[in-house]
Amino acid sequence: MRNRKPVRHVVGAAMALVLAWSSTQLAQAHHSFAVFFDTDAQLVKVTGVVRDFQFRNPHGVITIEVPQGQTHVTWRAETNSPSILHRRGWNSDSLHVGDTVTLEGWRARDGSRYMRLKSAQLADGRMVGQPAP
Amino acid sequence: MSARAFAAVALLGLIASSAPVCAAPATDAVATHPDFSGFWNLDMKVPRDPGLMALVPPNTAFMDDTGPAEFPAGNYGGLILTPAAQAAAKKWNPRTQLTPENACRPPTIVYALQGPFPIEIFQSDKFIVMKLEYYDLVRLIFLDGRKPEADYPHSPTGFSSGHWEGSTLVVTTDHLEAGTITNNGLDHTENMKVTERFRLSEDGKVLMATQEYEDPAVIKNRGVRFIAWRRQSGQHVYPYECDPGFAGNYQDAK
């Protein structure tokens, strides 16, 4: 609210409520790592075949198919911001469809097969990119 | 002159020639003050500067979440919420952050500056341009005493005025749009007032800042973060170019 004139307390309190309400409707941001991912539990580690790799901000996403019995399940791992990973040796060519990769990270608190990536390792043992300094 | 340097000079010239508000006489020349120009990367190992922290007013909570760290749900880093803010935070649904509509909505400088992303500063005697890599935000900090127009819009970067107190740059910012404070349900209103103090380390290699928050509609006390960046030569911030399609990956997860 701009150029607001003095008002009575009751009206002011009502305005504060309106402002607080409106801020919840308007104020969204980059999703919270702490709220979305379970940092207290053990890291989850899965190995599978890359089905898709997106390298765009706000997060890259690696989608892999992980064998499970006679079938497979889909896991997704969101990476740190690609603009940050670019300085650590990542680029859009770091992974390709068909690559076998092991992903380790923090699982989503809602239990879905979605994680925040800590590290990615190719089948030949090479790590993708460099660790954070 | 490189193309990038030329573009930066052209940007500064354009800003100077298209001042949107009433300009006051210029103050000190850049040569008499510390030069913050350059590329700065967040450095969380820098200890809090006692001199800067001593300038923080009483009744101010120190919020220790600078960088990748974030407060979990229900933790607001010592900020005391008003009943309205508490009610709003309780209703907050984090899943709404991961929708195509919201995934690329930029935060305001209240949350953006402390993020683990570099900044780049271009400095003149009349204003400072601060480019944040995070969400491609660009701040203008006017040093000539100008005031915003009556209908100046609210935005993620707001309207920033700065002045020098010795070797410390003091910046006040208002005209912010509503945005998150802690990224876990606590949002500030359009009346948020931010006060920042920027100072170089003695060797000039580290830029340190305190960022204070005042918004009585949502927090009864005040908050402050300490942020430090290390100078790195030969680098520039990258384009962020947020892609809202990212959110679909989470929506598809089972």
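**Exercise 1. Work out where B:Asp136 lies in chain B, and describe its backbone and surroundings along with those of B:Tyr135.**

Let's start with the place: B:Asp136 sits in the loop that joins S4 and S5 of chain B. Strands (E, at least two residues) and helices (H or I, at least four) are DSSP runs, numbered from the N terminus. This is a predicted model, in which local features need pLDDT of at least 70, side-chain atom pairs count only at pLDDT 80 or more, and totals for chains, interfaces and linings use all residues. Residues are numbered from 1 along each chain as its sequence is written, while chains are lettered from A and ligands numbered from 1 in the order in which they are written.

Next, the backbone. Phi of B:Asp136 is positive, near 60°, in a residue other than glycine. B:Tyr135, in the loop between strand S4 (127-132) and strand S5 (138-142) of chain B, has a positive phi of about 60° and is not a glycine either. Most residues other than glycine have a negative phi.

Last, the surroundings. A residue is buried if 20 or more other C-beta atoms lie within 10 Å of its own, exposed if 12 or fewer, and partly exposed in between, with C-beta atoms placed from the backbone. B:Tyr135 counts as buried because it has 20 C-beta neighbours inside 10 Å. B:Asp136 has 16 other C-beta atoms within 10 Å, so it is partly exposed.

**Exercise 2. Find the peptide bond from A:Asn57 to A:Pro58 and give its geometry.**

First, locate A:Pro58: it belongs to the loop between strand S1 (44-54) and S2 of chain A. Then check omega, which is near 10°, making the bond from A:Asn57 cis.

Now follow the chain into its strands. Strand S2 (residues 61-68) and strand S3 (residues 71-78) of chain A pair in the antiparallel sense over eight bridges; pairing requires that DSSP finds at least two bridges between two strands. A:Gln68 has A:Thr71 in S3(A) as its bridge partner.

**Exercise 3. Describe the side of chain B that touches chain A.**

Begin with the residues in contact (C-beta atoms, placed from the backbone, within 7 Å): chain B brings 46 residues and chain A brings 34. Helix H3 (83-91), strand S8 (179-180), strand S9 (187-188) and H5 of chain B each supply at least two residues of chain B's side. H3(B) gives the most, with four residues.

Finish by sorting that side by class: 25 residues are nonpolar, twelve polar and nine charged. Here Ala, Val, Leu, Ile, Met, Phe, Trp, Tyr, Cys and Pro count as nonpolar, Asp, Glu, Lys and Arg as charged, and the others, Gly among them, as polar.

Terms used
Contact = placed C-beta atoms within 7 Å.
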